[in-house]
Amino acid sequence: MPPVILAIESSCDETSAAIIRSGKVLNNVVASQQVHRKYGGVVPELASRAHQRNIHDVVNEAMASAGVQVSELDGIAFTKGPGLMGALLVGSSFAKGMSLALGKRLIGVNHMEAHVLAHFIKATPDATVPSFPFLCLTVSGGHTQIVLVKDVLDMKVIGETKDDAVGEAFDKAAKILGLPYPGGPLINQHATDGNAGAFHFPATQVPGLDFSFSGIKTAFLYFIRDQKAINPEFVGERMKDICASLQKHLINMLMQKLELASAMTGIRHVAIAGGVSANTLLRQELKRRGEELGWSTHIPPFEYCTDNAAMVAMAAHFKYEASRFEPLDTAPEPGLALSA
Ligand code: KG4
Ligand code: ZN
């Protein structure tokens, strides 16, 4: 019998649940936490309390809207890591409790693997999935990775950030500009009619396929400080140009390494995933450069870019098919690596 699986995502600040039946995602219920907005970043303790408040409702809604009874479930999946310990504990404890009480299989999913596997959710009947092997630039608030994907459950990180993630660079720059968390979507929004050539930031040189975003964060902080010393209204007056220029700089850094990865590996099937893959310029640039370089490119629907349980459900489906289950004494791993 094709499996019916309930999947739960709680690694950071989204509490989410989804149902997958026979490899088809039936829904994707997401409760985003607003409590972090004024703090400029996710506050771990507040995140785990909000997950506790939301998880029952989110799971109930996913079950009800899919019209699935608990007796029909074959497995319960959860995000095992990476993520915030307190946040991961809420989802994993809930999944373990259900698994034990109902006698259902338990499936632990790697959050970064799930971001990549979002590409296998058939959002529309004519949606195409990437061919193997492909490269996936996974860009989120906690990670910036270039992943070589050989098969659904066979992936290897071939380049990653040595310090901050690109999503973090967006969020920290937004905080410097006085914008609330998460700042990435707001920078994207302000950049829409800004002049991307207005300001220039120093290039960060990192060998090979790795990235570094801590330098640009500091350079941006000093740039704003110096400009405000000349004109205290600088940020308000030039917000659009500042956002467009910074966004272009960050997206260029990503695209340069992605092009290098394709040249080094000879792989021309290229995908993006994770929260920052919702960025308009990154989506445009992947398409534009992909056409120039003869790549087949894959961009996830917006719903599956930022954290969601549908991608966890997709990964869980593949793990179920491969009989890769989790023991009941499992524990979340905040630093879980991709190949684990
Ligand atoms: O994948 P995700 O939801 O959570 C993590 O696993 O970290 O990614 C969240 C990150 C945040 O840093 C957020 O600012 C960024 O994705 N983000 C964006 C956009 N939408 C979300 N960054 C730039 N442009 C966007 N449109
Ligand atoms: Zn994520």
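Is His-111 buried or exposed? I started my notebook there, and His-111 turns out to be buried, with a relative accessible area of 6%. A reminder to myself before going on: this is a predicted model.

**Entry 1: the zinc ion**

I looked up what holds the zinc ion (ligand 2). The donors are His-111 through NE2, His-115 through NE2 and Asp-307 through OD, at 2.0 to 2.1 Å. Written along the sequence, the donor spacing reads H-x3-H-x191-D. I then checked where the two histidines sit: both are in helix α3, which covers residues 111–117, and they are four residues apart, about one turn of the helix. An α-helix has 3.6 residues a turn, so residues three or four places apart point the same way. For burial, I noted 0% relative accessible area for His-115, which counts as buried because the cut-off is under 20%. His-111 is on the buried side of that cut-off as well, at 6%.

**Entry 2: Val-30, a neighbour of a zinc donor**

Asp-307 made me curious about what touches it. Val-30 is in contact with Asp-307, and also with Glu-14, Thr-15, Ser-16 and Asn-308, leaving aside neighbours within four places in sequence. I found Val-30 in strand β4, residues 29–32. How accessible is Val-30? Its relative accessibility is 37%, so I wrote it down as partly exposed. I also took one long distance: the C-alpha atoms of Val-30 and Asn-195 are 34 Å apart, with their positions 165 residues apart along the chain.

**Entry 3: α1 against α2**

Next I turned to helix pairs. Helix α1 (residues 44–66) packs on helix α2 (residues 85–102) at about 30 degrees, with the axes 9 Å apart. Angles under 35 degrees count as roughly parallel, so α1 is roughly parallel to α2. The crossing of α1 past α2 is right-handed. From α1, I listed Ser-48, His-51, Gln-52, Ile-55, His-56 and Val-59 in the contact; from α2, I listed Gly-86, Ala-87, Val-90, Gly-91 and Phe-94. Sorted by class, that makes five nonpolar and six polar residues, with no charged ones.

**Entry 4: α4 and its surroundings**

Which residues of α4 are buried? My list is Val-166, Gly-167, Ala-169, Phe-170, Asp-171, Ala-173 and Ala-174. These buried residues pack against strands β7 (134–139) and β8 (144–151), and against helices α5 (184–191), α6 (214–230) and α7. Just past the helix I met Gly-178, which follows α4 and has a positive phi, near 85 degrees.

I looked at the α7 side in more detail. Helix α4 (residues 166–176) and helix α7 (residues 234–265) pack at about 170 degrees, with axes 11 Å apart. That angle is over 145 degrees, so the two helices are roughly antiparallel. Val-166, Ala-169, Phe-170 and Ala-173 of α4 make the contact with Leu-246, Gln-247, Leu-250, Ile-251 and Leu-254 of α7. By class I have eight nonpolar residues, one polar and no charged.

**Entry 5: α6 against α7**

Helix α7 has another partner to check. The axes of α6 and α7 come within 12 Å and cross at roughly 160 degrees, and the pair is therefore roughly antiparallel. The crossing of α6 and α7 is right-handed. In α6, the residues I noted are Ile-216, Phe-220, Phe-223, Ile-224, Gln-227 and Lys-228; they meet Phe-234, Val-235, Ile-242, Leu-246, His-249 and Leu-250 in α7. The classes come to nine nonpolar, two polar and one charged.

**Entry 6: two residues that touch α7**

What does Leu-137 contact beyond its neighbours within four places in sequence? I found Gln-145, Ile-146, Phe-211, Leu-254, Leu-258, Ala-271, Ile-272, Ala-273 and Leu-282. Leu-137 lies in strand β7 and, at 0% relative accessibility, counts as buried. I also noted 9.8 Å between the C-alpha atoms of Leu-137 and Ala-261, which are 124 residues apart along the chain.

My last stop was Asn-188 in helix α5. Asn-188 is buried too, with a relative accessible area of 12%. With neighbours within four places in sequence set aside, Asn-188 is in contact with Gln-247, Ala-278, Asn-279 and Thr-280. Gln-247 was already in my notes, on the α7 side of the contact with α4.

Methods. Residues numbered from 1 in each chain as written. Chains lettered and ligands numbered in written order. Predicted model: local features only at pLDDT ≥ 70, side-chain atom pairs only at ≥ 80, totals over all residues. Heavy atoms only, no water. Donors = N, O, S within 2.8 Å, 3.2 Å for Na, K, Ca; no water. Buried < 20%, exposed > 50% of the residue type's maximum accessible area, 1.4 Å probe, protein only. Axes fitted to C-alpha atoms, helices over the stretch in contact; angles between N-to-C directions. Parallel < 35°, antiparallel > 145°, perpendicular 65-115°, else oblique. Contact = heavy atoms within 4.5 Å. Nonpolar A, V, L, I, M, F, W, Y, C, P; charged D, E, K, R; others polar. Left-handed = near helix turned anticlockwise from the far one by under 90°.
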